[in-house]
Number of protein chains: 2
Amino acid sequence: MIKKHQEVFSILKKRILRGVYKEKLPSIRNLIEEFSYNKSTILKALEELKEENLIEIKPCRGIYLTSHKNFEKMEKLTYEIDFKSAVPRGNIFPLEQFKESILKTLEFHGAKALEYEENQGYLLLRELISKKLEKLNIFENKENIFIVPGSQMAIEILAKALLYPGEIVGIETPYYPGAYEIFKNLGYKIIEIPMESDGIDLKYLEKILKKYSLKFLYTVPNFHNPTGITMSLEKMKKLIELSKKYNFYILEDDTMSELNYFQESKLLKSYDNLNKVIYLKSFSKIFNPGFKLGYVVIPKEIKLSFEKIFFKKNYFSSSLNQRAFYDFYKSSHWDNHIIDLKKTFKEKYLYTLGKLKEMKKIKFNKNLNGGLYFWIEIKNLDTYKLYLNLMKKNIGISPGIFFSDNFKNYFRFSFAREDINKIQKGIEELKEIFKISSKYNKDI
Amino acid sequence: MIKKHQEVFSILKKRILRGVYKEKLPSIRNLIEEFSYNKSTILKALEELKEENLIEIKPCRGIYLTSHKNFEKMEKLTYEIDFKSAVPRGNIFPLEQFKESILKTLEFHGAKALEYEENQGYLLLRELISKKLEKLNIFENKENIFIVPGSQMAIEILAKALLYPGEIVGIETPYYPGAYEIFKNLGYKIIEIPMESDGIDLKYLEKILKKYSLKFLYTVPNFHNPTGITMSLEKMKKLIELSKKYNFYILEDDTMSELNYFQESKLLKSYDNLNKVIYLKSFSKIFNPGFKLGYVVIPKEIKLSFEKIFFKKNYFSSSLNQRAFYDFYKSSHWDNHIIDLKKTFKEKYLYTLGKLKEMKKIKFNKNLNGGLYFWIEIKNLDTYKLYLNLMKKNIGISPGIFFSDNFKNYFRFSFAREDINKIQKGIEELKEIFKISSKYNKDI
C-alpha cells in the first residue's frame, strides 16, 4: 500500500527527471489543488524530493530545481535502470519485522541499547554468531569473533596487523577496488592472481609463492566480485594446504554466500584445519546496507595484534544496531528473510541469464549458480565508452577498468536492483547500442 | 517504574558483586520460588547478567559465575563508584522520546532509512546542523559539514589530510590520550603546549611557532580534557591571529560546550574569520554514546583532501541513526533534553565542588563553571598508586599518567556517572585514603 506522500513524491520526481519543470515547481498552493491532498502530505513529498537533492525550497520565493551542476552529479549516482550497483534496494528487506526488533530492543534493554557497547561487540550477538557458524562447520568461540562497522575497516586493520609497509599481499584479479585501494594506500606490494572458471589460479599462485614472500592473500571464494565465480571445493582444500606450506594468512571475504540458488555454499574457513583463514562476513548485500554491521573471525594467534589496532581505532557499530540485529538474527524472521531473498534473486538470475544467452557478441560464465551479477566480455569494445553512452540513456553498468586496468573489454552487469521488467527494458537498450557499435566498429 | 526482570537482575548482580554466591547461582527453579516471578522474568534477568559477563549458563549443569579471571577484568571496567569515566550513564538520555524518533523515521522513510546514506551524511541533517550553528555565530554551508561515526576517526582523517609523517602537530598538555595516540601512530612529531588557568599557554605556543613549522594544533577550548579549563575569549581571538600569522590549522574538539552551567559557551570557530579552524562536534557526552554520530565542519580549502580520505575509508554512521537523530535534533525534545542535562549536572557540579573544597590537601581549579570533571593535584602522592588502592575498594578515578607522563600527582575526578549520594560516599572514601596516605607518607 503506497502512502499519499509517496505517491506525490514519485509523480513529481518523474516529472523532474523528464524535464517537465524548468527552473521551478508549481507553488505549494497549486500542488495542494492539483493533488487534492492536504498541505502536510504535500510538504512530506517535497521533503523527500529535497532529500534526493532534486529541489531546493527558498522561503518566500518558491520551490526551485537544484542547479544543473548538482543535477548532473546526482544523475551519475542514480540511474533510471541501474545495473551498476550490486547493493539491493532497501525495499526487499523486511522492514516491519525489523522495526519490531528495534522496538523490543529499546523496550527490553532500555538505556543500555544507547550506551557504549563492549569494544569487541555485543556479547550475545557474538555468541549467536558462533552458534550459527557451527551449522556451517566453522567452530569458533565468541572470543574470536569481532563485530565491525564495515568490511573495509576490517580489511584495513587486518592488513596492518599482519604486514609491514612494502610487504606483499595477493589479490584475485579482476578485484574489488575497495580492498585493492586499502592495500595500495597502506604501501603494500600487490600481486594480482588471475581467476579461472573455478576460482583463483592456484598454479600461478604457487609460482608467486615460490618466488616471493607473500604473507597475506585476499580472496572472495563465493561469488567473487566482479566475476561472480565460486571457488571449487578442490581448490579450497588445495589453497589451505598452500597456506600451510608457504605460511601465509588468507582473508576470506564473504558478502553473499547465502545467495547460492541451487545448493548450499561452502565456506573456505570450514576447511581451515590450520587456523590460517580469517573469515570476514558483511551483511550489506543481504540485509539493510545502511546498517553498518558485519563481523570477522580472527585466528587466535593474531587476535592480540588485531585487537590492539581495532580498539585503538575506536570505530564501532552502534549498540542499538547490534542489539536490534541480534534480536532479528536469532529469530525465524532471519531464515525466512533469506529464503525470500533467494527466491526473488533466483528468478532475476534465471531471467537475466536467459536474456544474456540470446546475445551473440558477448561471452560470460553461464554457471555461476548464484550471486547478483554477471561479468561480461565483449570483444573489441571499450566498455568505458559503453558506460558513458549508457549513462546518457540513464542506464548504469560497471565498466571493466573499475576492477583493474586489464579488463577493458569487460563489464559487470548487476541485477541486484532492478525488477524483471526493467531488466528486460535495459537489456533491449544494451542490444541497440551493440548494434550501433558494430556499425561504427570500435567507436560507439 | 522498574520492571520485574530488572529488579531480579539488580538484586542478583549485587549479590554476585558482594560475593554471596561462590561458584554457582541457585537453580532457575529455586530462583522462581524465591522471587515468585514466572520463568520468563527470571530468564530475562539471567540474560542481562550474562550480558554483563557475570554468569555463564551451562545447559543441564547450572548457572555458573564467570571465572575469576574474567571477573577481575570486568571489575576493572565497571566500578561500584565510578569517578573514572566521563561518559554519562544511558539513563539520563530521553529514551521514550528518542524511541518515537526512531519509529517515526522507520514509518516515514521506510526502507530508505536502512539503505546506504549519502557519504557526506544525511542531507537534511547537515542542513539542520548548518542552521543550528548559525545561532552560535558559525556560518557554514551544509556542503562543508560531514557526518562522522566518531571523533577519533575524524581526527585521524584530518591529520592525514593536512600532514605528512614527520611533520609537527601541537597538543595541549595534559591531553586527551585518544588524540595523542592517533598523532603518535601516524608518525607525527608532537609538541606539548602547557595549559594555564584560562587555556593554552599562548606565549609558549608562539615560541614554538617561531622555532618550528607547526602545521596543526589540536585544542579543546571548552572544558578541556582532563583539566576542565575553558579558553578565555581573549585567548581565542589571539589564537586565531596566530593561526594566520604562522599559517597553521586548528582543530577545535567540542564534546561538551553545552555544559556551561552559568552562561552560554563561546566556540573558537565563531571567531574564525580566516577559515583556519576545523570544528569537530561529538555527541557522546551529551547524547546516547553508543550511537556513533558526530560531525565536522571543514574549511573549504581542505574539503577535497578530507573528502578523498573519508570517502575511501568507507566508515559511515548508520543511516537509521542519522535520520532518527535528525528527527530528534530538530524537535523541541532536543532543547528540553539539554536543559534537563544542565540542571542535573549543575547540581552535581556544585555539590562536588563544595565537597572538594573541604579537602585541604588537594589543589584544583574552582572556577571551571561547567563540564563533567575536576583535575586535582595532590602533592607528594603518586596518583597511580591511589588509583590501584581505590580500585580495591571498587572506586574508579583516572590517574594523571593516563593523560601525560608529567602529571603523576594529578588525577581526573569525574562526576558524570554517579548521583549525589554516591559522590558523597566516594569522597568519604577518598578522604580516608588520604588520611592513611599522610601517615605512611608517600606510599599509600
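## A walk through a predicted two-chain model

Pro399(A) touches Thr383(A), Tyr384(A), Tyr387(A), Tyr410(A) and Phe411(A), leaving out residues up to four places away in sequence. Keep in mind that this is a predicted model. Where does Pro399(A) sit? Pro399(A) belongs to strand S15, which covers residues 398–399 of chain A. Its relative accessible area is 0%, and since buried means under 20%, Pro399(A) counts as buried. For a sense of distance, take Ile42(A): from Pro399(A) it is 357 residues away in sequence and 40 Å away in space, going from C-alpha to C-alpha.

### Stepping back to chain A

Now let's look at the whole of chain A. How many helices and strands does chain A have? Its secondary structure comes to 15 helices and 16 strands. Measuring tape out: along its principal axes, the C-alpha trace of chain A spans about 75 × 65 × 40 Å. The radius of gyration of chain A is 24 Å, which agrees with the value near 22 Å that a compact globule of 444 residues would have.

What share of the residues of chain A is buried? Of its 444 residues, 59% count as buried. On the outside, chain A exposes about 19,800 Å², and carbon and sulfur atoms supply 50% of that area. Contacts also say something about the fold: take those in chain A between residues at least 6 apart in sequence, and 73% of them join residues at least 24 apart. As for charge, chain A has 76 positive and 56 negative charges, and the mean positions of the two sets are 3 Å apart.

### Two copies

How does chain B relate to chain A? A turn of 180° with a shift of 0.0 Å along the axis lays chain B on chain A with an RMSD of 0.1 Å. The two copies are thus related as by a two-fold rotation axis. What about the surface through which they meet? Of the interface residues of chain B, 98% are also interface residues in chain A, so the copies meet through the same surface.

### Some buried spots

Back to single residues. Gln322(A) lies in helix H12, residues 319–330 of chain A. Is Gln322(A) buried or exposed? With a relative accessible area of 2%, Gln322(A) is buried. Setting aside residues up to four places away in sequence, Gln322(A) touches Glu117(A), Gly121(A), Tyr122(A), Leu125(A), Ile147(A), Leu293(A) and Ser317(A).

Over in chain B, Ile147(B) has its place in strand S4, residues 145–148. Ile147(B) is buried, with a relative accessible area of 1%. Leaving out neighbours within four places in sequence, its contacts include Gln120(B), Arg126(B), Ile129(B), Phe310(B) and Gln322(B).

Lys385(B) lies in helix H14 of chain B. Lys385(B) has a relative accessible area of 34%, so it is partly exposed.

Here are some pairs of residues, with how far apart they are along the chain and in space, C-alpha to C-alpha:

| Pair | Apart in sequence | Apart in space |
|---|---|---|
| Gln322(A) and Ile42(A) | 280 residues | 36 Å |
| Pro399(A) and Ile42(A) | 357 residues | 40 Å |
| Ile147(B) and Val169(B) | 22 residues | 24 Å |
| Lys385(B) and Pro399(B) | 14 residues | 8.6 Å |

### Backbone oddities

Most residues other than glycine have a negative phi, and most peptide bonds are trans. Some places here go the other way.

Ser36(A) is not a glycine, yet its phi is positive, about 55°. Ser36(A) lies in the loop between helix H2 (28–35) and helix H3 (39–51) of chain A. Is Ser36(A) buried or exposed? Its relative accessible area is 61%, so Ser36(A) is exposed. In chain B, Asn380(B) also has a positive phi, about 60°, although it is not a glycine. Asn380(B) lies in the loop between strand S13 (373–378) and helix H14 (383–392) of chain B.

Which peptide bonds are cis? One of them runs from Thr173(B) to Pro174(B), with omega near 0°. Pro174(B) is found in the loop between strand S5 (168–173) and helix H8 (177–185) of chain B. The peptide bond from Asn225(B) to Pro226(B) is cis too, with omega near 10°. Pro226(B) has its place in the loop between strand S8 (214–219) and helix H10 (233–245) of chain B.

Definitions and conventions:
Residues are numbered from 1 along each chain as its sequence is written. Chains are lettered from A and ligands numbered from 1 in the order in which they are written. This is a predicted model: local features need pLDDT of at least 70, side-chain atom pairs count only at pLDDT 80 or more; totals for chains, interfaces and linings use all residues. Side-chain values use heavy atoms; hydrogens and water are left out. Helices (H or I, at least four residues) and strands (E, at least two) are DSSP runs, numbered from the N terminus. The radius of gyration is taken over C-alpha atoms; the globule rule is 2.2 Å times the number of residues to the power 0.38. Buried means under 20% relative accessible area, exposed over 50%, partly exposed in between (1.4 Å probe, protein chains only). Contact means heavy atoms within 4.5 Å. Accessible areas come from the Shrake-Rupley method with a 1.4 Å probe; for residues, only the protein chains shown count as cover. Lys and Arg count as positive and Asp and Glu as negative; His and the chain ends are not counted. The place of a charge is taken as NZ of Lys, CZ of Arg, CG of Asp or CD of Glu. Copies are superposed by least squares on the C-alpha atoms of residues with pLDDT of at least 70 in both.
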